[in-house]
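Please have the sequence and the model open side by side while reading. The paragraphs below start at a single residue and work outward from there.

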Amino acid sequence: MQQEMQPNYQTQTTPNTNHGGHELFDLHEVLACTINVLDQFMMFRQFVQDSELLDILDRQYQFTLAQYNLTAECFTTGQKPSQETSTYMIKQLSEPIYGIKPTQPKKPNQSLADVKDAGISGHMIGLIKTHASLLTMTAVEVTNPVVRRVLASQVQNFIEMAYEIFLYQNRLAYYQVPQLEASDMQSMLTAFVPATGAPQMPPNNKAAASVH
């Protein structure tokens, strides 16, 4: 009589192997992209002229490096990292400036002599926004509870970092924010209202669920 083959389910309990296969590939991408952010910030530094932008770059570089170390450590060990996760604080918080004022049209640089703070800050915010999205997508796929929390804790911080660069760009009119006409804005703001009353949920079809 032929023996029935049973699925070979293996339970891995050691912390450093508590990872799913998909998670391993995702974490390699996250760590590689974090290195990419760090390396590009290092290259940008030689072109920065404004002291405020240089301060933002340096602080965000150091914070990102610390997050890289935390992630690499807990990914390798599967355990809580030796350092606590920290919160990124915007140094100069200001209100956004709305409206459009005339500026020179943009065009590609013709040489490295054309590299300016406006372009550098644009590259910086693009990198940080992309990394915030990558962290979010990866965190929801991670099975290791420690790694998941470490990644999730970074998402809000990278959002704050992107917002800090936006505020810098906005103050200097590098990143202008148009608004709709007042009547159009009001129409958009009132297009949705909170739900009221208890929803009338349909009954669960238990009969169909019990059929195998």
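Leu172 is a convenient place to begin, because its relative accessibility of 39% makes it count as partly exposed. This leucine is found in the loop between helix 4 and helix 5 (182-189), and together with Tyr174 and Tyr175 it forms a nonpolar patch on the surface, with about 250 Å² of accessible area for the three residues together. The model is a predicted one, and confidence should therefore be kept in view. The mean pLDDT of the protein is 90, with 89% of its residues reaching 70 or more. Confidence is highest in helix 3, at a mean of 97, and lowest in helix 6 (residues 206-209), where the mean is 66.

The overall plan can be stated briefly: the protein has 6 helices and 0 strands, so that from the N terminus on its elements run α-α-α-α-α-α. Of the contacts in the protein with a separation of 6 or more, 81% are accounted for by residues 24 or more positions apart. The accessible surface comes to about 14800 Å², of which 58% belongs to carbon and sulfur atoms, while buried residues make up 31% of the 212 residues.

What, then, lies inside? In soluble globular proteins, nonpolar side chains tend to be buried together. Here the largest nonpolar core holds 40 residues, and those that touch the most other members are Phe41, Phe44, Ile120, Met124, Ile128 and Leu151. Helix 1 (21-45), helix 2 (51-77), helix 3 (117-139) and helix 4 (145-171) each supply at least two residues of this core, and helix 4 gives the most to it, with 12 residues. Leu151 can serve as an example of how such a residue is surrounded: leaving aside residues up to four places away in sequence, Leu151 touches Leu27, Val30, Thr71, Leu135, Thr138, Ala139 and Val142.

Charged side chains offer a second set of links, for the structure holds 6 salt bridges. In one of them, Asp55 pairs with Lys91, the closest N and O atoms being 3.3 Å apart. Because Asp55 lies in helix 2 and Lys91 in the loop between helix 2 and helix 3, this pair ties together parts that are 36 residues apart in sequence. Asp55 counts as partly exposed because its relative accessibility is 25%, whereas Lys91, with a relative accessible area of 60%, is exposed.

In another salt bridge, the side chains of Arg59 and Glu164 meet at 2.6 Å, N to O. The pair links distant parts of the chain, since Arg59 is in helix 2 and Glu164 is in helix 4, 105 residues apart. Which of these two partners is buried, and which is partly exposed? Arg59 has a relative accessible area of 22% and is therefore partly exposed, whereas Glu164, at 3% relative accessibility, counts as buried, the cut-off for that class being under 20%. Salt bridges that share partners join Asp55, Arg59, Lys91 and Glu164 into one network.

A further salt bridge is formed by the side chains of Glu84 and Lys80, at 3.1 Å, N to O, and both Glu84 and Lys80 are exposed.

Methods
Residues numbered from 1 in each chain as written. Predicted model: local features only at pLDDT ≥ 70, side-chain atom pairs only at ≥ 80, totals over all residues. Heavy atoms only, no water. Core = buried A, V, L, I, M, F, W, Y, C linked by side-chain atoms within 4.5 Å. Buried < 20%, exposed > 50% of the residue type's maximum accessible area, 1.4 Å probe, protein only. Helix = DSSP H or I, 4+ residues; strand = E, 2+ residues; numbered from the N terminus. Contact = heavy atoms within 4.5 Å. pLDDT = per-residue confidence, 0-100. Patch = residues over 30% accessible without salt bridge, like charges linked within 9 Å, V, L, I, M, F, W, Y side chains within 5 Å. Areas by Shrake-Rupley, 256 points an atom, 1.4 Å probe, with all protein chains shown as cover. Salt bridge = Lys/Arg side-chain N within 4 Å of Asp/Glu carboxyl O.
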